[in-house]
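Hi,

Here is the model I promised to pass on, with my notes underneath. Have a look at it first, then read on.

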Protein chains: 2
Amino acid sequence: MNNHEKFMRAAIKLSIENVESGNGGPFGAVIVKDGKIVATGQNQVTTSNDPTAHAEVTAIRNACKELGTFQLDDCDLYTSCEPCPMCLGAIYWARPKRVFYANTKKDAAEINFDDDFIYKELELEDYTKRSIPFEQILRDEALEAFQKWQTSELKEEY
Amino acid sequence: MNNHEKFMRAAIKLSIENVESGNGGPFGAVIVKDGKIVATGQNQVTTSNDPTAHAEVTAIRNACKELGTFQLDDCDLYTSCEPCPMCLGAIYWARPKRVFYANTKKDAAEINFDDDFIYKELELEDYTKRSIPFEQILRDEALEAFQKWQTSELKEEY
């Protein structure tokens, strides 16, 4: 068994355990650096009352805490299921080196975890057609924060 | 001044204060239910070492904690800037009623917060062309968690 399979099996084990314990959805993830698991994550949406607590987001948060950084340089993420749009976004902000996944989003949709509608919403250029309406107001006032950011001496860019 | 403007100004104030304090990027958000702010969020990526700690995600987490739920029924989200793909995904999972935003993603790109590349990555059907490579392995083993989920008596669907 190669290392990729070893680490994916660890993620899969977490996904199965999460169902057996009743702690959340059937999803697990591990983050690996230098051949070692630095953090794990399981879906905890319902038990932690946190809709963002998907396995990948939880693993990313835990890994960043463990490594004392907000960027997962040279890390690999192994997730038992293809990431949803939220987790994909989180992955791009965290910037691991590679992502391995096992179940597909189609597999997830078949057990009623359907994120396809989010992808479709993201593609809608006309925001009034979204199922959650998005409306823009007060841009002229909000720009002040952006202007202050540009000249701030305290800022840490990322 | 109507209520929408009042709540957006609260989000904008948080975004400006976040720059002035040096706590993070120029982004703030508030979540409102029954005419009252139930939670707020500021970008805390660099100070909390959490790449997912955008203003919207932070506000969503705080609101769910405050309300003791993982769904933001009948809540409105006011964010000082148009949400990135991660936050958009989080919004769709949290399901507030409406979203109001002020600065646009184009405004954000102009001060080097460019999430446009994430939208482009999401659209790539060929995962090998992504800047972070995604590879599928061990699907047959991972399906076990999904099968267990379907028959689990402990599960809480969401």
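In this predicted model, strand E5 (residues 134–136) of chain A pairs with strand E4 (residues 98–103) of chain B in the parallel sense, over three bridges. Strands pair here if DSSP finds at least two bridges between them; strands (E, at least two residues) and helices (H or I, at least four) are DSSP runs, numbered from the N terminus. Within this pairing, Phe134(A) has Val99(B) in E4(B) as its bridge partner.

A word on conventions: residues are numbered from 1 along each chain as its sequence is written, while chains are lettered from A and ligands numbered from 1 in the order in which they are written. Local features need pLDDT of at least 70 and side-chain atom pairs count only at pLDDT 80 or more, whereas totals for chains, interfaces and linings use all residues, and side-chain values use heavy atoms, with hydrogens and water left out.

How do the two copies sit relative to each other? A turn of 180° and a shift of 0.0 Å along the axis lay chain B on chain A with an RMSD of 0.0 Å (least-squares superposition on the C-alpha atoms of residues with pLDDT of at least 70 in both). The copies are thus related as by a two-fold rotation axis. Met86(B) is the residue of chain B that comes closest to that axis, its C-alpha lying at 2.0 Å.

Now to the interface itself. Chain B and chain A each bring 94 residues to the contact (heavy atoms within 4.5 Å). The copies meet through the same surface, because 100% of the interface residues of chain B are also interface residues in chain A. About 8,200 Å² is buried between the chains, with carbon and sulfur atoms giving 69%; buried area is the accessible area (1.4 Å probe) that two parts lose on being put together, summed over both. Tyr92(B), Trp93(B) and Phe146(B) supply 11% of the area that chain B buries against chain A, more than any other three residues.

You may like the charged pairs too. Of salt bridges (a side-chain nitrogen of Lys or Arg within 4 Å of a carboxyl oxygen of Asp or Glu), the structure holds 24 over all chains, and eight are found across the interface of chain B and chain A. One joins Arg139(B) to Asp107(A), with the closest N and O atoms 2.6 Å apart. In another salt bridge, Arg61(A) meets Asp50(B) at 3.8 Å, N to O. Arg61(A) lies in helix H3 (residues 55–67) of chain A and Asp50(B) in the loop between helices H2 (45–48) and H3 (55–67) of chain B, so this pair joins two chains.

Best wishes
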